Structure formats: structure tokens, C-alpha cells
Amino acid sequence: MSGGERKVKRHPRGQGWEEAGGEFYQESYPGGEAELEAMHQNPSNIATLLPSKQNRTATYSKMYDAKTTMRRRTANRTANRAQYQTTARRPSASAATAAATDVASMLPDLSENLSNEERTWEEIMQIKALPVSMAQKKEHKAKLQSQTKLRLQGLEQLKWQRRKMWQRLRRSWSEAYAKMELWRHSMKEVEGDFGTGVVAYFLFIKWLMFLNLGVCTLMVLFIVLPAVFLKPAQQFPECNLSNNFTGQGSVECCSAQYANTTSEPAENIFMQFIQGRGIVEHTQAFYGVYPNVELTLNSAAWLSYDMPLAYISLSLVFMLVSLAAIVKSAAKGFKERLVEGEGQFYQYCNIIFSGWDFCIKNEKSACIKHKAIFNEIKASIESERIEEERLTRSKEERFKLFSVRVLVNLAVFVLLIAALYLIYVVFDFSAQTQTDYIIANNTLLRLLFEFLPSLCVVGLNLVIPIILGMLVRLERYSPVLIVRITLMRTVLLRLSSLGVVLLSFYRQFNCDDPCRPEGADAKCKKPLCWETYVGQQFFKLMLVDFLSHIAVTFIVNFPRGQLAKYSHNSVVAYLGEQQFDLPKHVLDVVYIQTLCWLGSFFAPVLPLMASIIFFFMFYIKKFACLVNSKPSTIPYRASRSNSLFMAVLLLSFVVMIIPLGYTIAERTPSKSCGPFRGLPSVWSVIVRTFVSSPAWIKHVVFFFTTAGFAVPAFITLILCLYYFYAVSAANKHMVLVLKNQLVLEGRDKQFLLHRLSQIIKQQQEHHKAMRAAAQSAHMNSTDISSST
């Protein structure tokens, strides 16, 4: 036999249980009437004939016999030690057989007697078949489940009761939460029309809303409320121009100068609100009003609250909480993808036989569920079709496709560079024209030029993804790759646009502080409180982006959808027809969350604003999904979509950390505002707190930075990593063993069915022979009586 033939016959363990499906119904087992008679006399002997019993022992016996044969062949090569080798190998044969029996006994044996729990479960299932009322069935079930109580005593009975009580409490809470779950009916409606992948997008919006609500609660409790209700522990020094310490350019004079500035008259409240300036600027919504001293209650002067430390600590906690939530959700999505990958050989069976919800009561819900199952099957078939098309391409088709993809990538690169350059030019133009006399005296013109950078960024974010979506269709990727590539390109556009915005801020603020003894530089465009200015710009970006979604959904796309629905013109129908482009809509919410992360340090109101935006965004996107759009030709799956959403969000978070970390560690805060005024950097608060901490805390922290801690910690991490790797390998091996055992159990079932059919056949033949004998005896007796 050739090596290639040997490879064909050699199957890995992991494929055995998928390929053995036909063996469940094709096995034939020898057996005669003698064996059947023996089983009648002693039915327990049938367990020794099961294929699972024989197969395990035979497998390990063959393995050890093969090792013994190799040793004997080696012994025959040396004639001088033949006798020694023969005598040495004789006891090894019995040892091999004993070892094979031991290893076989270690495998899981599913043909053993049922445990008490399994018997109880079977009895509960039998109660369902009783022809009695439901109340009597519940009574029988309660009696059966309470029998365990009689067998347990003392502490074990208490543990059992507590476990049962906790299970009932969890079940009751799950049922109550399912009834009160937010947007539950809307999710089912979307799932019925667009599938589970689009539902994962709406769950993503819901998850982001609750994340920002939790962060907003922390900020209100630890920053806003202390700043409102607590008073400074000491009075602020007044600005004294004749004093060297509190004169021109000092923190006191700069703070007084900023506190007295308002950009709009008090009666124009609406303009101040949408710009984040004037009265709104001097509230706790922005960075500038928070004090840089300790706060205290009037009745408890001994109890102080360090506002600078609380501000920077809560900002760090905000980032850590967001990171932990993202990693947790991403890990959950990874588990779902892993389970889906394990079931790729029987996904259609799972959808058809396990996909129906038997709690559905009305016809409308049933139709929605039918559509959801149809979309799942459609997604699986489409993925298989594209994979088959990819495998059957010729060399010429591959070369043409490669050339097209290279040209498309060059076009995308040029498009992104042009968009970023336009953003840079618009920001520079807006900063130069705001000081013009005509624009400064015209409220509408000033408002337009202030929002011009935000309008430019939002407009490019609306137009460029449409062009990218057209270009990616020319590359003929699979649906999953289309989603990923479109997402990555759009993420690159949006993150790069934010990078250009931050670069424009850096150029604008890269000059001396305007509040200095020499006076402000005429060329310097740096405001008195540049942190509040940055918070205002992010506030405007979020507001303009949200308003653009409302305008596009209800003013542009809704009329287009109606024209496509009721028009009989093919051109109008083609131009008005819309699909729910999932990558574009995902980037919309990720972009808002990235703006919230970047601006929350400068404007604590942004998490609350993001929560409100996500709440209304759910209904806006639902309207765009159910009314304006039709299901996409690219089917999306929930597990893949959810993991992809979290990957994009994690990428945005990592990119956002870089400029924010640079601001906290390197940039000098403004002298005029904020809790860090007068300090060389924001991180100086952490350093000052550490220096003033007790000595034992310093020793502990210093010990963490020494090699005496780092080396053992590194070795411990390596050992833990190896331990979890070993556990994972053992679990993987056990899964393979259990899969093979399932194959053997299927053979056991077929074996028992075959034996049962033989017994039934033998009994039928026996009864037929008895009836024939009785009939012949009756006929003989009739003949005798007639002859007499």
C-alpha cells in the first residue's frame, strides 16, 4: 500500500463523530439463536457484547500488542540475546493487557446504570404522560422532587434547600426581567425582518446607552454633586495687581478674568446652549468651573474632599470601566463564535430542529419567527455559495481580481488623503475668520463659522462611506470580509478625521498662555480656558452628528423610500431603493462613543448627552431599518457581528487613549480655569498625593517597581499561563474522547435494536410454530373423531 493510500485511510479523531453518522444505521452484528437463548437465561451478559465495551478494550489491546510486536522484532535481530529478550517480553504481555484494561476503565462509560438524578428526571418525564389534570401533575412532581429531602440530613439538607431557593429566585428574576426588558418587542420585530445580525446592532446601541448611564452616574455622584453642594475649605485669594504673587498673570487674576467673561447676552439662552458658551460654559457641564482646592461642608470642617484628585481619579476609573466592559463583551462574543464554529457541521439541524420558540402565542409573532429562521438559513447558504465560488476561480480570474483590488485600494487611499486635507483647511480657515470684525458682529455668520469644522467633518463622514461602499463591491469579497473591510476603512476615515481635529487644536494652542504679565500675543489664538474650548468643540461635533442623522433619516431617506415603494419607474425605484448597510450604521454609534470618550475629560456632561443620543438613536435607526430600508443582500450573523462591533469599539478606545494620555501627562493646564490650574501638568496631582501619602504606602509602591517583585511575578504569570494551556489541552482531548464515545453509544443503540428485532422475530416464529402445532393437533383430533 502506498503512502498516499495510507493517508487516505487515516482519519483524525476530531472527524470521527461527524463521519460516523451512517454507521449508526449500517452496523450489522452477528448473533444466532444460541446467543439469544443465553441472553434469555442471563440478560446481564448483553452488556459485555456492547460495541462500546469491546471497542475500548480492543483498541488499547491492539495498541499495546503493537508495541510488544515491535519489541519482539527488535529482539530477533540479535541472536545472542534472543532468549533473554523472549523471557523479558513474556510478562510485558500480561502487563499490557492489564494496562489496557485500566485505561479502558478510565474512559467515560455511558452505558452504566442511571444515577438517582437521572431516574428522578425519567420519572418526571413519565408524569407528563399521565392522563390527569395539571394540578395533579404538579403535585406528583413536587412529591418526587421532595424525596431528596428525606435522604439528606443536617448541613447537607440545609445546602440543598438553599440551592433550590436560589434557583427559584434566579428563575423568577429572569422571568420578571424578560417581561420588563427595554425594547423587547422592537428587537423581535427587527429580528423577524432583518435577522439576528441586525438585532445585534440594536443590542449594541442599548449596551452603549447603559454604559454611558453608569459612567454618568459616577460623574454626578463624585464630581458634580460635590462641586454644587460643598464649599471651598479656604477662601480664594483676591486678585491684587500690586502684589507680585497675586498680580497680573497670577492664577487668581486669570481665574477672575475668566469668570467675568461671557460671549453672549443673557437673553440669548438658546444660542448659548447649542454653542456651549455663555451661561452654559460657567456651569458644571464643562471643565472650567471646577475649583482647584479642597471642599468641605460648613458643619463638618474636619471632613474635606479633594476635587482635583477626585476629578483625575474618576477620569481614570471611567476609562478602566469602559475597557473592562468592552473586554468582557468581546470575550462573550468570542465564546459564541467558538460554539458556532464547533457546530458548523450541523448548523442546519440546529436552526430547523432547535430554532423555533414554542412560547409564541399569536400569528404575528409566528410570522416574525418564520422570517428570522429563513434569514438564518439564507445566511448559511450564501456563505457556502461564496466559498465555493472562491475555490473554483481560474488563474486569469484571480489575476484580474487582484488588479482590481489594487486599483480600488489606491483610490481609497487618495480619497482619504483628500478628505483629511479638506478638514485641515476648513479648521484653519474657521480659526482665522472668527476674529474678523464683520463676522464677529453678525450672530448668524459667527455661528456658521463656529460650526463650519463640525459640519465639514460630519458631511465627509456621511459622503465618504457611501463611496467606499460602492468601491468595495468591485473587489468581490465574501459578506464577512465586505463588512470587515468597509468597517476598517470607515474607522480609518473617522479616526483620522478626529486626529486632524486634534492636530488643529495643538497648532492653535501651541503658544504662550494668553493670561500672562506681558499680555496676550496677537498671533496666539489660544483661549483663556483651552480645556473648556476643546469640550465645546466635542459638544458641537456630537450635536451636529446627531442632528445630521435625524435630517438624513426623515428628510432625505424617507422620501426616497416612499418614491421607491410607490413609483413604477425603474430608474426612480433604483435611486430610491435603500438597504440597511450595517457597517455604516455601526460606525455612526462608534463615532459618537469615541467623541464621548475624548471629550468627557473636558466636558463631564458628554456621557449624559451620549446616553440621551443613544436612546433616540435607537428609534431613529429602527425607523431607518423597518420603514426606509429593505433587508441587505449581505446576510449578517449575530455572533460574528457582535464580536466585530466590539473589535471596532476596542480599536477606537485604544486610539483615543493616546491623545488623552498625552494631555494628562504632558500638556500644561490653563491658569484661568479648572481643578488643575497653576500645576505643571494634570498628572502632578497624582504625584503630589503620592508624596504626601504615609511611608508604608510608599514602601509598598516602591517594592512593586523592584526586581524582587517583578521577577517572581513574571515567573508566576508564566506558570499560570502554562497551567491554563495544559488544562485547555486536556479539555480538548476530553472533548474528542467524548465525541468518540458518542459514536460508540450510537452503535450500542443499533446493536440493542438489532438484538431486540431478533428476539421479536424469534418470538413471532415461536408463536407461529405453536399455532401451527395447535392447528395440526386439532386437525388430527378431528380426523380421529371422524374416523371413529
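**Strand pairing, salt bridges and surface patches in the predicted model**

In this predicted model, strand 2 (residues 294-296) is paired with strand 3 in the antiparallel sense, and 3 bridges connect the two. Within the sheet, T296 is placed opposite S304, a residue of strand 3. The pairing belongs to an open sheet of 3 strands, whose order is 1-2-3 and whose pairing is antiparallel. Its edges are formed by strand 1 (231-232) and strand 3 (304-306), each of which pairs on one side only. Strand 1 contains K231, a residue that is classed as partly exposed because its relative accessibility is 43%. Although K231 and L297 are 66 residues apart along the chain, a separation of 6.2 Å was computed between their C-alpha atoms.

Charged side chains were examined next. The model contains 6 salt bridges in total. One of them joins the side chains of R489 and E475, with an N to O distance of 3.0 Å. R489 is located in helix 21 (residues 479-509), whereas E475 lies in the loop between helix 20 (443-473) and helix 21, so this salt bridge ties together parts that are 14 residues apart in sequence. Both partners fall under the 20% cut-off for burial: R489 counts as buried because its relative accessibility is 10%, and E475 is likewise assigned to the buried class, with a relative accessibility of 0%.

A further salt bridge is formed between the side chains of R494 and D588, again with an N to O distance of 3.0 Å. This pair links distant parts of the chain, given that R494 is in helix 21 and D588 in helix 24 (residues 582-599), 94 residues apart. R494 has a relative accessibility of 3% and is therefore counted as buried, while for D588 the value is 0%, so that this residue also counts as buried.

D588 has another partner in K584, and the salt bridge between these two side chains has an N to O distance of 3.6 Å. In contrast to the link between helices described above, K584 and D588 both lie in helix 24, where they are 4 residues apart, or about one turn of the helix. K584 is buried, as is D588. Through salt bridges that share partners, R494, K584, D588 and K621 are joined into one network.

Two patches on the surface were also identified, one charged and one nonpolar. The patch of positive charge is a gathering of K128, K141, R168 and R171. Among these residues, R171 is found in helix 10 (residues 155-180), and its relative accessibility of 48% is the reason why R171 is classed as partly exposed, since the exposed class requires a value over 50%. The nonpolar surface patch covers about 520 Å² and is made by V220, L221, F222, L225, V228 and F229. F229 has its place in helix 12 (residues 196-229), and because its relative accessible area is 58%, F229 is assigned to the exposed class.

Technical notes. Residues numbered from 1 in each chain as written. Predicted model: local features only at pLDDT ≥ 70, side-chain atom pairs only at ≥ 80, totals over all residues. Heavy atoms only, no water. Patch = residues over 30% accessible without salt bridge, like charges linked within 9 Å, V, L, I, M, F, W, Y side chains within 5 Å. Areas by Shrake-Rupley, 256 points an atom, 1.4 Å probe, with all protein chains shown as cover. Salt bridge = Lys/Arg side-chain N within 4 Å of Asp/Glu carboxyl O. Lys, Arg positive; Asp, Glu negative; His and termini not counted. Charge placed at Lys NZ, Arg CZ, Asp CG, Glu CD. Buried < 20%, exposed > 50% of the residue type's maximum accessible area, 1.4 Å probe, protein only. Pairing = 2+ DSSP bridges.
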